[in-house]
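Reader: Hey, got a minute to walk me through this one? I'd like to get a feel for it before I set anything up.
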Amino acid sequence: MTEALINELFAEFSGATLEDSLGQNVARVDNAEWFAAARVAKHGGFEVCVDVTVVDRMTSRPDRFEIVANLLSMQHQARLRLITTAPRQDPSVASLVPLWPGANFAEREAYDMFGIVFEGHPDLTRILMPDDWQGHPLRKDFGVGSVPVQFKESHQVT
Amino acid sequence: MTEETTTDQNLDIWVSGTEEPRFMPTDEGTQEISAEESGVRLDEQFGRVIEDDYVFDEDLGSDDERMIVNMGPQHPSTHGVLRLQIELEGEIIRRSKPIIGYLHTGMEKTAEQLTFGQGPTNVTRMDYLAPLHGELAYCLAVEKLLGIEVPPRAAAIRVLMTELNRVSSHLVALATNGMDIGALSMMIYGFREREAILAFFEKTTGLRMNHNYIRPGGVAADLPPGWKQDVAGIIDVMPGRLAEYDDLLENNPIWLSRTRGVGIISASEAIAYGITGPALKATGVAWDLRKAFPYSGIEQFEFEVPVGSHGDVYDRYRVRIDEIRESLKIVEQVMDVMPRGDYRVDDRKVTPPPRARIDESMEALIHHFKLFTEGFKVPPGETYMAVESPRGELGCYLVSDGGAKPYRMHTRAPSFANLQALPIAMADSLMADTVATVASMDPVMGDVDR
C-alpha cells in the first residue's frame, strides 16, 4: 500500500528511483530536486522528518556524499528514506528546515560532521564540535587520531 | 501545520550572531517593580499570567531591559552539560537556545573503528540511562543486514530487559524532575526503586549500566537462576511505590502549580519538530513504535499507549508514571510466556562456539579467536532500525560495505531531537519554569552529544 503511495508521489520526478532496501522504502532523487521531493513527500503524508544524516562514500560512487533523510508517516504507519548525493567539491543541498523545523539540529550536525552546506538553513553553525574546529570529523579522510595516555607513573623500560 | 506557517512566524530558531551588543550587560532596571500598578501589569510582573505562545506588546518593555543569561553548562539541573542561552525580559524568557556538544566524544566515528561484535560496547554508552535500548537498536540493524532471526527466547529476554530498563529510566526522570522542582523526597524514592532494577541488571549482565548485554545474534548470557523471583519481586513492589509517588506529588499543591500549564508543546509543534516519546504522547498523540513498528515480538504482549492532553510538564510526568505501569504489564506477560531454548542464534557466523567446545576442539578455538579478532563480515547494504526508548525514537542507521566494521553508523538520538523543542516550550514563560521544563524533557546529554 505504501509502495503504491510512494510511486504515485514520485511519479513527477524524472531523476527519482525507488528502491526496496531490505524491506524499507528508499527514494533516490537528484540534488536539484531534493527540496521539491521532500515537499511532495510531506504533503503526501510523511509529516515527520525523523533524521537527516550523511554518508561519506569517498570514491566508491560518482558523487562523494550521500545525504539521507528519514521520513515517517504516522497516518500511513510507513517510513521513507530520501537519499540524494552531493559532489566532492563544495557539497551543498537545499535545507529541509522550511518544511520541518525539526531538521534544524540534524542538518547542523551534518554540516558540522561532513561540511555539507544546507542552503536556506537559518543557523548553519557547528553544533557538536567547538566553533573554531578545523575540518569535519566524520569524513573518511579525517584521521581518527589518538592521545597518548599514561595511566600512572612508571619507569621507562629500556 | 502548513509549511507557510512554519517558515515565517513559528520558526523559533535563534540564529547565531543576531544578539545585539547592547543586550549583553545586565541592566539593574530590570529588577525594579514598575510604577504602573494596574491589575494586568501587576499580574504580569508577578507571573500570574501564563499562557502558551503569549505575545507581548512590543511597547511594553524596551530593548534595554533585555539581557542574556547563560544557564549551564555546569548547572545542577541541566542534567549534564547542557548550556541554555536565555534572552530575558525581566523574569520572562523571550528566546532561548540550547548549546550542546560539551559531552561530544565522537562515538559515531568510534563505531567505524569497532567490529560489529564490538559495536554494542560503544552504543551502550550513548544513552546511559537506557543502555539496553541503544544496544537493541544497533543489534536489530546488524541483524537486519545479516538477515538473521534471533531465537524466541533471545527476543523475549530483550523485551524483558528493555522494558525493565524503561522503568528504571523513567524512575530517574521522575526523581530528577521532582528534585529540580524541590520535591526532594521524590529523588530518594525514585532512586531507591531504580536500585532494585539495577541490581537485577547487575545479576544478569554483570554491570549496573553500560551492559553490552544485547549482542548481534541474541544476548550475551542467559537469564540467571532465580530470575523469576527477582522480577516478580520488582513487579510486586512497584504498584505500592507508584501509589507513594501519587501521595508525594499528585496531592501536592506546590508540585501541581509548578507543573500544570508549564512548558506547553502542542501536538502540531511536536510533530513539526520531530519530538517523540513521552513528550509527544503528552500532547495527545498516541504514537509508539512498539505499536507502529513492533520489534522483538513485542506485538504479542498487551499494553496501552498512555497519552496526555495539554502537553505540559504535568502531562509528561503523568505519561511517564503510566508508561511504568504499562511496562510492568509487559514484563509480567513476558515472564509467563518466556520460551525455552537458546539465547543466541544458531549461526556459526556470528555466534562464538560454546566455552566447553573450545577446550576439546582446535577448530572451535580458531573459530572463537577469529570471531573476536577479525569479527564477522556483514553483507553490503544500509538499513534503519528504531526502537521506542524511554525518551522516544532511538534509531540506528547502519551502512555496511561488506567488511567486518560498519562503514557508517548513525544514531538518531531522541534527546537530540527533543532538545529542539525547549525553545518553543520555554518561549514567553517564566525563568523559574526553565528547570521544570528541562527536567520534563528528560534529556540525557550522552545521548544528545554522542
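Author: Sure. One definition before the helix packing comes up: axes are lines fitted to C-alpha atoms, for helices over the stretch in contact, and angles run from 0 to 180 degrees between N-to-C directions. Also keep in mind that this is a predicted model.

Reader: Good. So at what angle do H5 and H6 of chain B pack?
Author: Helix H5 (residues 131-146) of chain B meets helix H6 (residues 152-181) of chain B at about 140 degrees, and their axes are 8 Å apart. Angles over 145 count as roughly antiparallel and 65 to 115 as roughly perpendicular, so H5(B) is oblique to H6(B).

Reader: Which residues make that contact?
Author: From H5(B) there are B:Leu132, B:His133 and B:Leu136, and from H6(B) there are B:Arg158, B:Met161, B:Thr162 and B:Asn165. By class, that contact has three nonpolar, three polar and one charged residues.

Reader: Ok, switching to the core. Which residues touch the most other members of the largest nonpolar core?
Author: A:Ala37, A:Leu71, A:Ile116, B:Ala137 and B:Ala421, in a core of 159 residues. H6(B) gives the largest share of this core, with 15 residues.

Reader: Leu71 of chain A caught my eye. What is it in contact with?
Author: Setting aside neighbours within four places in sequence, A:Leu71 is in contact with A:Ala41, A:Phe46, A:Val48, A:Cys49, A:Val50, A:Arg79, A:Leu80 and A:Leu82.

Reader: While we're in chain A, what's its secondary structure?
Author: Three helices and seven strands. Going along the sequence, the pattern is α-β-β-α-β-β-β-β-α-β.

Reader: And how does its radius of gyration look against a compact globule?
Author: Chain A has 19 Å, whereas a compact globule of 158 residues would be near 15 Å. The C-alpha trace of chain A spans about 70 × 35 × 30 Å along its principal axes. As for burial, 46% of the 158 residues in chain A are buried.

Reader: Any backbone torsions I should look at? Which residues other than glycine have a positive phi?
Author: A:Met58 is one of them, with phi near 50 degrees. A:Gln77 also has a positive phi, of about 50 degrees, although it is not a glycine. For context, most residues other than glycine have a negative phi.

Reader: Where do those two sit?
Author: A:Met58 is in the loop between strand E3 (48-56) and strand E4 (65-73) of chain A. A:Gln77 is in the loop between E4 and strand E5 (78-86) of chain A.

Reader: Why is Met58 of chain A put down as partly exposed?
Author: Because A:Met58 has 13 other C-beta atoms within 10 Å, and 12 or fewer would make a residue exposed, 20 or more buried. A:Gln77 is partly exposed too, with 13 other C-beta atoms within 10 Å.

Reader: What about Asp112 of chain A, buried or exposed?
Author: A:Asp112 counts as buried, because there are 22 C-beta neighbours inside 10 Å. A:Asp112 lies in helix H3 (residues 103-114) of chain A. Not counting residues up to four places away in sequence, A:Asp112 touches A:Arg126, A:Ile127, A:Leu128 and A:Met129.

Reader: Last one, the interface. How many residues of chain B are in contact with chain A?
Author: 36 residues of chain B, against 31 residues of chain A. Elements of chain B that each supply at least two residues to that side include helix H1 (3-7), strand E6 (381-389) and helix H16 (414-418). The chain B side divides into 14 nonpolar, 13 polar and nine charged residues.

Methods
Residues numbered from 1 in each chain as written. Chains lettered and ligands numbered in written order. Predicted model: local features only at pLDDT ≥ 70, side-chain atom pairs only at ≥ 80, totals over all residues. Helix = DSSP H or I, 4+ residues; strand = E, 2+ residues; numbered from the N terminus. Rg over C-alpha atoms; globule rule 2.2 N^0.38 Å. Contact = placed C-beta atoms within 7 Å. Nonpolar A, V, L, I, M, F, W, Y, C, P; charged D, E, K, R; others polar. Parallel < 35°, antiparallel > 145°, perpendicular 65-115°, else oblique. Core = buried A, V, L, I, M, F, W, Y, C linked by C-beta atoms within 7 Å.
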